[in-house]
Amino acid sequence: QVQLVESGGGLVQAGGSLRVSCAASRSIFSTNAKLGWYRQAPGKQRELVATITIGGTTNYADSVKGRFTISRDNAKNTVDLQMNSLKPEDTAVYCCNAKLWRTILYDYWGQGTQVTVSS
């Protein structure tokens, strides 16, 4: 059974930093699943924030490039998102995601953690 559990959200002032973490079950971390963070703000569609492959290749949304850093710890089965220079428009529920391609796509989601950036 695959589980993704986020932690570390909260309230921060604009310009500040937060780090959110996702603890993933070993059953997904030991595969070549692409891990990532997505976010959804009120009234908006969910959008990709960043992804990282098992080989460490990263991809970022243009809106967070240079400010956010995604990383993974294969020993701890965690994938973290370090968010710096936060802006009010970064306010959203941040969700951890794992995409595993086999014959079909297996798409797993965590419950999300709230990040609120005050101006």
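**Exercise 1. The cysteines**

How far is the sulfur of Cys95 from the closest cysteine sulfur, and why is there no bond? Establish also which cysteines are joined, and describe the link between them.

*Solution.* The structure is a predicted model, and the steps below are read from its atoms.

Step 1. The closest cysteine sulfur to that of Cys95 belongs to Cys96, at 8.7 Å, which is too far for a bond. The cut-off for a disulfide is a pair of cysteine sulfur atoms within 2.5 Å.

Step 2. Apply this cut-off to Cys22 and Cys96. Their sulfur atoms are 2.1 Å apart, and the two residues form a disulfide. The count by this rule is 1 disulfide.

Step 3. Locate the two partners. Cys22 belongs to strand S3 and Cys96 to strand S9, so the disulfide ties together parts that are 74 residues apart in sequence.

Step 4. Assign the handedness. The torsion about the S-S bond of Cys22 and Cys96 is about -85°, so this disulfide is left-handed.

Step 5. Consider the surroundings. Cys22 and Cys96 are both buried. Cys95 has a relative accessible area of 13% and is therefore buried.

**Exercise 2. The sheet around S3**

Determine the order of the strands in the open sheet that contains S3, and identify the strands that stand at its edges.

*Solution.*

Step 1. Write down the order. The open sheet has 4 strands, arranged S1-S3-S8-S7, and their pairing is antiparallel.

Step 2. Find the edges. Strand S1 (4-7) and S7 each have a single partner strand, so one side of each is left without a neighbour in the sheet. The twist from one strand to the next averages 15°.

Step 3. Examine the pairings of S3. S1 and S3 run antiparallel and are joined by 4 bridges. S3 and S8 are also antiparallel, and pair over 6 bridges.

Step 4. Follow Cys22 across the sheet. Glu6 has Cys22 in S3 as its bridge partner, while in S8 the residue opposite Cys22 is Val79.

Step 5. Assess the burial of S3. Of its 7 residues, 5 are buried, so S3 is largely enclosed by the rest of the structure.

**Exercise 3. The nonpolar core**

Identify the residues that touch the most other members of the largest nonpolar core, and state which element gives the most residues to this core.

*Solution.*

Step 1. The largest nonpolar core has 31 residues, and those touching the most other members are Trp37, Leu81, Met83 and Tyr94.

Step 2. Among the elements that give two or more residues to this core are helix H1 (26-29), strand S4 (34-40), strand S5 (47-52) and strand S8 (78-83). The element that gives the most is S9, with 5 residues.

Step 3. Take Leu81 as a case. Beyond four places in sequence, Leu81 touches ten named residues, among them Val20, Trp37, Val49, Ile70 and Tyr94.

**Exercise 4. Two residues of S11**

Compare the placement of Thr113 and Ser118: is each one buried, exposed or partly exposed, and which residues does each touch?

*Solution.*

Step 1. Thr113 lies in strand S11, and Ser118 has its place in S11 as well.

Step 2. With a relative accessible area of 11%, Thr113 is buried. Ser118, at 27% relative accessibility, is partly exposed. The dividing value is 20%, because buried means a relative accessible area under that figure.

Step 3. List the contacts beyond four places in sequence. Those of Thr113 include Glu6, Gly9, Val20, Ala92 and Tyr94. Ser118 touches Leu11, Val12, Gln13 and Ala14.

Step 4. Note the polar approach of Thr113. Its side chain reaches the backbone nitrogen of Gly9 at 3.2 Å.

Step 5. Compare sequence with space for Ser118. Ser118 and Lys44 are 74 residues apart in sequence, and their C-alpha atoms are 18 Å apart.

**Exercise 5. A loop residue**

Describe the position of Ala61 and decide whether it is buried or exposed.

*Solution.*

Step 1. Ala61 sits in the loop between strand S6 (58-60) and S7.

Step 2. The relative accessibility of Ala61 is 16%, so this residue counts as buried.

Step 3. Neighbours within four places in sequence aside, Ala61 is in contact with Leu48 and Val49. Ala61 and Arg39 are 22 residues apart along the chain, with 11 Å between their C-alpha atoms.

Key: Residues numbered from 1 in each chain as written. Predicted model: local features only at pLDDT ≥ 70, side-chain atom pairs only at ≥ 80, totals over all residues. Heavy atoms only, no water. Core = buried A, V, L, I, M, F, W, Y, C linked by side-chain atoms within 4.5 Å. Buried < 20%, exposed > 50% of the residue type's maximum accessible area, 1.4 Å probe, protein only. Contact = heavy atoms within 4.5 Å. Polar contact = N/O pair within 3.5 Å; in protein donor to acceptor, adjacent residues only side chain to side chain. Pairing = 2+ DSSP bridges. Axes fitted to C-alpha atoms, helices over the stretch in contact; angles between N-to-C directions.
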